[in-house]
Every structure is written in C-alpha cells, then in structure tokens.
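Please explain how the strands of this protein are arranged and what surrounds its main open space. I would like to be led through the model step by step.

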Amino acid sequence: DQPTPLPLAVSTPPPSENPTKQPTPNPTIQPTQQTTPNPTPQPTEAAPSNSDPVKSLIPDANGYDLVYALDIPVSPAYKNAKPLYSVDNHQQVSGFTRIGYYLELDDKYVWVSFDAFTSDARKIGVPCHNLGCGDGQTRTVIQQMVTNVNVESNVPGLSGTGLSGNVEFWPFNYNSANSNNIHSATSAWDHGDTVAVNHGSFGSMQVHINGGGNYVGTVFAFNHFNDGVVSDVGIGNKPSNVGGLGPDWSYAQNAGSYSVRNMKVYVSDVPQENTLESTISDAAGYNLVYALDIPIRPTYATAPPAYTVDNSASISDFSFTRVAYLLELDDKYVWVSMGTFTDDASQIGVPCLHLQCGDGNSRSVFNQLVGNVNVVSNVDGLSGNSYVGNVEFWPYNYNGENSMGIPGALSSAFDWGDTPEIGNGSFGSMQVHVNSGGNYQGTIFAFNRFNDGYLADLGIGNAPSSILDWSVAGNAGYYSVRTLKVFVK
C-alpha cells in the first residue's frame, strides 16, 4: 500500500505533490487510547561520567550532564501524559551553554551537540502536546538555527564538527514549505519545514545539518509522538526503501522495527572552544567553504591546495550573495567580507594554476571591483565597513599597470591596481584591497607566488616597503601560523 495520507477530512499527511497540508496520523491505524501512565519517577541522579556508556563511546559527550533518558515507546501518547523518562534531572539544572542529544536505534547511534537554543531545561526534552512538556504554560515550539554543531555517528557520512544546523521541535502538525529559507532544503519533507502552530498534534523532534560540512539533512528525527499511533524514528536522511514522506522520516511509522529505541539529552556549561571567526560579529551566518594551512613553498601548478576543509561541492551555484576571507598570520588576523564576485563556490579559493583550482575547465581570473566590503582586523587602521574594494585573483604573472583605473593606485608600483598577464607565467596573486569609502586605502591581505615551489608572499595590510601588495616578499617562512579560511553567506 502507498504510505500516502488519507483525505483532508481526517487531516492526514500530504503526499509530496501536495506540500501544503500538515502530516497527521494515518487513519487506517486507529489511534489507541492509552491509559494515563504512572507518575513520572522522582528525578534521579545522572550516572557518574565514568559509568555512562555514552561518554565512553563519544569523546564529545565528556563534560556534559545527563538531563533526560527515555525508552521511546512504539506508540507514544504524549497528548495524554508527558514522557515517562527513566531519568529526569531537569530540576537540578541551572545554567548551560550547550545541549547534546544521543539516539540509539538497535546497532545504530548518533550524538549531536550544539550551542544552546534555550536556557530552560524544561524545553530540551520531547516537545509533546501535554503541557507537562515544556514550561507548563505553553507548548514548546523551537524552529531556529543552531551553531557549532558536532556530530558523531556510526552511520556513514554523518559525522562532522563545527557545522551549521537547525532544530524543528514542536507538538503540532507541519507542512513542507521552507519558510525559514534553510540552505539546501526544498518543498519536500526535509530539513526545512514549517510548523502549523496550534493545528493538530503530529509532533516533530528533529535536528538537522544545513551547512559547514559534506553532509546536509537530518541528523535524527522522532515524530508522531502524541496520539498513540506508531511513531517515526530515524538517524540520518531516510532511505528510499523506508516508507514515509521525505528525508525527515515524517510518516515513516517505523518505531516498531527497532528493538532498541533509547534517547538521552545532555547539557554542558562549558562553552564550545571558540574559533576566531566566532568572535567576529560580521561573521555571523557565514558557512565555511575552505580551510587551508598555507605551505611555505606551495606547488599549486602540479596539484591543487590540500584544503583541511573543502565544502565547495555542497554549495550550490547562485546560493550565496557574499564571500568572506579570514587570514591568520601568527598573532595578526584580518576578516574581510564583500558582495560576491562569482556565483561558483569552486572559484573563491586559491586561484592556482592547476585546473582543479576553479571550475575544472579554465583557470580563475578575477580583476574587478567589489562592494559593501567590511573589514575586521587587529592590525591598526584596517577595520571599517562599507568600503569599495577590488580583488586581484589569478594564477599568472602580473605587472604594475593600473589598467582598471583603481582609485589611488599607481601604474609605476605593485599595489592595489595591477594587471594580470593572462597565459604568461605562474607567479599567482590572491589579493583583496579597498580603494575608497573609508579612511584606509590599499591591501587588505595578499597571498602571492603559490604555484612553483618558491617562498610564498603573505601579508595583512600594506607591506612596509615600496611594494605595497607584498609581491616578491618571499616571507611565508617568517610565520608559524599561516591559516586561510573562506566563507559564503
């Protein structure tokens, strides 16, 4: 039988071709009236860290305290009574900065942790329809982005760190419209749905990944938990051989296929180790595309950069409107963001001579103005907003001719207005400059001479010489830290 929902009269979950209806129980399976469960046991102490098997299995879970533990019923009836947690320590929880969830389904497991989306421990458990779930006054609805997401799982492809995610927690029906414009979500039942507040009682407890790594989609899902019908549970995106409406396991009705259905919820008051970009307010909302430890003598004519992070394949063309770069050189750094100069994420990394830099067909050459440039740096005088800038990205030799007429640049010097000699040589330039709109004029950062194994040129701000764009500086070996990150938004 098709798992397609039944007539609107019984408010059933819609087929994919009708994405505007809300999922509700399959009326062919009569919701069973469950007796009210026994009162929830008194809160128990969480197991000591050294005896918690989750902490033995998952290094990221160390430093977290257990708040809830639940053996998920096949047919939960959380409209009648809140979950019968085997551990409920929420009254003992004070402040926390991170939340972690562990779901075990037979031999599969997933752990996911992220920066807290609430300060109220009553709202991090199952967001059921009974008012005993949540703050006791209103039903919990959480539909928002989460940051610094770490995932550990034995499901292939799911694990990652420093990811961008979103949670979809509510006790109501929902539809598949991507109202929050979640990256890569569609009109299918996936990682970007919309809650129908106060309508129905299907229920969603879903955590998803939407950027920052190679995986996009559902991390775990627990749905359909209020009305006593068979619930939906899953880890990762739902495979096509399992019934249901989409990747988020909606209407899968598969809880009975698992013998083990354990969920645990944790909190930690230890903040995630901050990355430099997490301290820069302008970096909020950006997704990491590339990270590179710059070699002293790059040889990018013979092989592309060995990025430590390369998410370019997961960034769709035309899906971003801004590009940003973060360069760290020992104790100095600069962040620069700008309106995009290309719609192709494969062309925003190092513009090296190897054809795998760029689109794979032609070498990247960008010699153009960029707008709305924001700069944050600990180098004096460099920071500012709404500059007009220009990028000089190419794999070739170049000369000091100011062929673009860049304001303030000279034709007799290597500065922020040079000209590529397309097809000639392989010196290479990856430079971002600002030329007007603020108190500073000149180079923001430069990474030059990256193709042929010579000492590379690196710098933040104008070089302290007559060659302001760091050309032929040959100074990469001066720095112990040489880290470049590339972002989009």
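What follows treats a sheet and then a pocket in this predicted model.

The sheet is an open one of 10 strands with antiparallel pairing, and its order reads β2-β1-β12-β3-β4-β5-β6-β9-β10-β11. At its edges lie β2 (87-88) and β11 (232-235), each of which pairs on one side only. Strand β1 (residues 65-71) is joined by 6 bridges to β12 (residues 261-268), the two running antiparallel, and alanine 69 stands opposite lysine 264 of β12.

Strand β3 (residues 98-105) is a useful place to pause. To one partner, β12, β3 is linked by 8 bridges in antiparallel fashion, and 8 bridges also join β3 to the antiparallel strand β4 (residues 108-115). Arginine 98 illustrates both pairings, since its bridge partner in β12 is serine 268, while in β4 the partner is aspartate 115. Between β3 and β4 there are 2 residues, which makes the pair a hairpin, and aspartate 106 in the turn has a positive phi of about 55°. Because 7 of the 8 residues of β3 are buried, that strand is largely enclosed by the rest of the structure.

The largest pocket holds about 990 Å³ of space. Its lining consists of 40 residues, with Gly162, Ser164, Tyr286, Asn287 and Leu288 lying nearest the centre. Two or more lining residues come from each of β5 (142-153), β6 (160-170), β13 (287-293) and β24 (482-488), and the largest share, 5 residues, belongs to β5. Sorted by class, the lining comprises 15 nonpolar, 20 polar and 5 charged residues.

Note on methods: Residues numbered from 1 in each chain as written. Predicted model: local features only at pLDDT ≥ 70, side-chain atom pairs only at ≥ 80, totals over all residues. Heavy atoms only, no water. 1 Å grid on protein atoms, 1.4 Å probe; cavity = no way out; pocket = protein on both sides within 12 Å on 5 of 7 lines; lining within 4 Å. Points joined across faces, edges and corners; volume = space filled by probe spheres on them. Helix = DSSP H or I, 4+ residues; strand = E, 2+ residues; numbered from the N terminus. Nonpolar A, V, L, I, M, F, W, Y, C, P; charged D, E, K, R; others polar. Pairing = 2+ DSSP bridges. Buried < 20%, exposed > 50% of the residue type's maximum accessible area, 1.4 Å probe, protein only.
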